[in-house]
Amino acid sequence: VGREMPEKRDASSRAQDFHEIYREFADRKAAEQASRCSQCGVPYCQSHCPLHNNIPDWLKLTAEGRLQEAYEISQATNTFPEICGRICPQDRLCEGNCVIEKGFDSVTIGAVEKYITDTAWEKGWVKPPKPVRERAQSVGGDVNRLVKAGTGRLISWSPDRSREGFDLDSGRYSLKLEKWSLQDPPAYMALDLTQTTQTNLRYYAEHEIPGGATNELFKTDWLLMRRIPAKDVTWWMGIAKDAYGNSVEFGGYDVARSPHHLVKLSADYYIGVYPLTARQWNRLGGSAPASEADWERPAVISYHEMRPASDGVWPNDNTGGKLATLRERSGGYKFDLPTEAQWEYACRALTASAFCDGSPVGSNKNGNMLANATDYGWYSDNTPDGALQPVGRKLPNGFGLYDMHGNVWEWCGDFWNAKCGLSDDQLVQAQTVPVEDPVGPSLEWWENHALRGGSVASTFDLARSGDRSFGWLYCVSTTLTGPGGQSGIRLACPLTPVSE
């Protein structure tokens with residue numbers, strides 16, 4: 001049997017319409033041409049097909065008259081066989097590598113593929129799949145969405161919905177899929193706080209954050225978390241002493257309540273780019289801000305509101321308060337207050353000076369000067385009215401975190417005592433051997449918990465990286481002498497949800 005193609009319509013007929021150049025195969029002729037396949041042991045037609053279609057199999061079934069089965073095999077590896085049968089360059093791919101003979105009397109593969117698919121449409125055999133679709137959301141569409149393998153989900157992306165106010169009139173956009181281990185997620189994670197019945201999480205590399213980290217969405221309706229590279233890093237916590245036993249930062253109380261000792265954290269973690277704002281707190285069920293002008297100011301929150309003692313006393317897990325709301329909305333991420341060690345490491349951002357500006361160690365007062373602090377935070381020294389300021393208006397530290405110094409005191413999970421929960425012997429040992437993952441002392445005097453970072457109502461020196469304060473869990477301000485200022489929260493969580 002020689003090679004044949006369907007009848008080609010003459011040019012005069014084709015000039016009168018937009019119909020196809022070739023007519024349809026008759027059933028008998030299609031089976032005859034399909035039977036020419038020698039079913040060779042090494043199907044070069046399949047290996048040279050970009051889709052690796054099972055060509056010999058559906059040719060054999062066509063020759064046997066089993067067209068529905070032939071179609072099912074054809075479409076199993078090809079989303080559009082009706083198109084490929086018409087426009088694919090078979091003479092250079094499958095047909096061009098057919099081994100029957102090299103005089104180009106190869107099997108008529110493309111015409112048979114077209115015949116199979118056209119018959120399937122005519123007979124009603126085409127059943128389009130109905131995957132679960134993840135529709136685009138307000139930030140990033142399905143860009144940076146975590147989609148796990150085996151969930152049968154289809155990613156759909158509309159450029160005009162990917163970014164508010166963005167419209168693509170012309171040009172080309174590409175789609176890139178990245179994979180990462182669930183134990184090694186990207187640098188940023190964002191949680192949509194407007195979603196109360198489903199989880200809407202996004203993950204970003206630093207250059208991918210929509211509108212950048214200062215986008216107002218991350219100060220109002222979304223919670224932006226930064227991964228802190230802390231795993232197995234040994235560092236000095238607290239404030240160092242000079243050769244005479246005095247604080248190198250000239251704080252009169254430093255030696256008494258900010259002991260200098262080595263610490264090591266065993267894992268990276270996420271921490272908030274900002275302290276929780278009034279709008280975000282309201283999104284979690286907290287009181288509403290007085291006006292829209294207050295949305296981006298830090299929320300004033302007591303320790304008890306976030307971590308009710310009745311639902312678990314530190315360092316035990318806590319299943320109540322707003323933590324339960326956050327964990328539910330995030331799909332199981334164990335949100336909590338940071339430990340003092342986590343907070344200070346994140347604040348220092350690998351610096352050892354008084355503030356995160358990175359002044360040389362041993363410089364004047366170790367950098368404990370207003371000039372070193374004023375670009376990074378708000379204090380009574382540069383905020384005369386003592387009013388809380390919108391977050392993100394000062395410079396970030398080296399980890400990209402804002403308002404670590406000043407504006408609002410930030411609760412840590414730890415109970416407070418002057419020695420960070422360590423005995424004298426343990427502090428001596430910690431001069432050479434780091435304390436691993438410290439969580440502070442057990443239940444302490446008056447149930448006081450650690451507060452860090454200073455505020456708009458405190459002097460700048462109370463906002464140093466290593467300075468420590470405290471407050472009673474039901475209060476919203478520090479209990480140290482002088483104008484304390486109000487307390488808020490910067491959330492932290494592990495890199496992976498509990499379910500993982």
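1. The lining of the largest cavity is made up of 11 nonpolar residues and two polar ones, with no charged residue. The model is a predicted one, and this cavity holds about 110 Å³ of space. Of the 13 lining residues, Cys37, Cys40, Cys45, Cys98 and Val99 come closest to the centre. Two helices give two or more residues each to this lining: α3, residues 44-47, and α4, residues 55-63.

2. How many cavities of 30 Å³ or more does a search of the whole structure find? The search finds three. The second largest has about 70 Å³ of space. Its lining divides into seven nonpolar, two polar and two charged residues. Glu340 and Asp414 are among the lining residues, and both count as charged. Other members of the lining include Met237, His261, Val263 and Ala341. Further along the chain, Cys420, Leu422, Val435, Pro438 and Gly440 also line this cavity. Strand β7 (261-265) and helix α13 (340-348) each supply at least two of the lining residues.

3. Now the sheet. Four strands form an open sheet with mixed pairing, in the order β14-β13-β11-β15. Which strands sit at the edges? They are β14 (469-472) and β15 (487-488), each of which pairs on one side only. Strands in a sheet are paired by backbone hydrogen bonds, in a parallel or an antiparallel sense.

4. The pairings can be taken across the sheet in turn. β13 and β14 run antiparallel, with four bridges. Here asparagine 448 stands opposite tryptophan 472 of β14. β11 and β13 are also antiparallel, over three bridges. In this pairing tryptophan 411 faces leucine 451 in β13. β11, residues 409-415, pairs with β15 in the parallel sense over two bridges. Glutamate 410 has glycine 488 of β15 as its bridge partner.

5. Strand β13 deserves its own point. This strand covers residues 448-452 and is mostly covered: five of its five residues are buried.

6. Helix α12 spans residues 321-329. Which of its residues are buried? They are Lys322, Leu323, Leu326, Arg327 and Arg329. Note that the list includes a lysine and two arginines alongside the leucines. The buried residues of α12 pack against two strands, β3 (188-192) and β5 (222-228), and two helices, α10 (278-283) and α11 (303-306). After the helix comes glycine 331, with a positive phi near 80°.

7. Glutamine 389 is a loop residue, placed between β9 (377-378) and β10 (405-406). Is this glutamine buried or exposed? Its relative accessibility is 16%. The cut-off for buried is under 20%, so glutamine 389 counts as buried. Neighbours within four places in sequence aside, glutamine 389 contacts Glu296, Arg297 and Pro298. Its other contacts are Trp378, Thr383, Asn407 and Val456.

8. Aromatic pairs come next. The count is six. One of them joins tryptophan 235 and tyrosine 345, with ring centres 5.3 Å apart and planes at 55°. A pair counts as tilted when the angle is neither under 30 degrees nor over 60, so this pair is tilted. Tryptophan 235 belongs to strand β6 (residues 233-237) and tyrosine 345 to helix α13, so the pair ties together parts 110 residues apart in sequence. Both residues of this pair, tryptophan 235 and tyrosine 345, are buried. Ring pairs also link Trp235 and Tyr345 with Phe399 in a cluster.

9. Another pair is phenylalanine 355 with phenylalanine 460. Their ring centres lie 6.2 Å apart and their planes are at 35°, so this pair is tilted too. Where do the two residues lie? Phenylalanine 355 is in the loop between α13 and α14 (370-373), and phenylalanine 460 is in the loop between β13 and β14. The pair thus links distant parts of the chain, 105 residues apart. Phenylalanine 355 and phenylalanine 460 are both buried.

10. A few elements recur in these points. Helix α13 supplies at least two residues to the lining of the second largest cavity, and also carries tyrosine 345 of the tilted pair with tryptophan 235. Strand β13 pairs with β11 and with β14, and the loop between β13 and β14 holds phenylalanine 460.

Notes: Residues are numbered from 1 along each chain as its sequence is written. This is a predicted model: local features need pLDDT of at least 70, side-chain atom pairs count only at pLDDT 80 or more; totals for chains, interfaces and linings use all residues. Side-chain values use heavy atoms; hydrogens and water are left out. Two strands pair if DSSP finds at least two bridges between them. On a 1 Å grid over the protein atoms alone, a cavity is a set of points where a 1.4 Å probe fits but cannot get out, and a pocket is an open set with protein on both sides within 12 Å along at least five of seven lines; lining residues have an atom within 4 Å of a point. Grid points are joined across faces, edges and corners, and a volume is the space filled by probe spheres set on the points. Buried means under 20% relative accessible area, exposed over 50%, partly exposed in between (1.4 Å probe, protein chains only). Contact means heavy atoms within 4.5 Å. Rings of Phe, Tyr and Trp (its six-membered ring) pair if their centres lie within 6.5 Å; planes under 30 degrees apart count as stacked, over 60 as edge-to-face and the rest as tilted.
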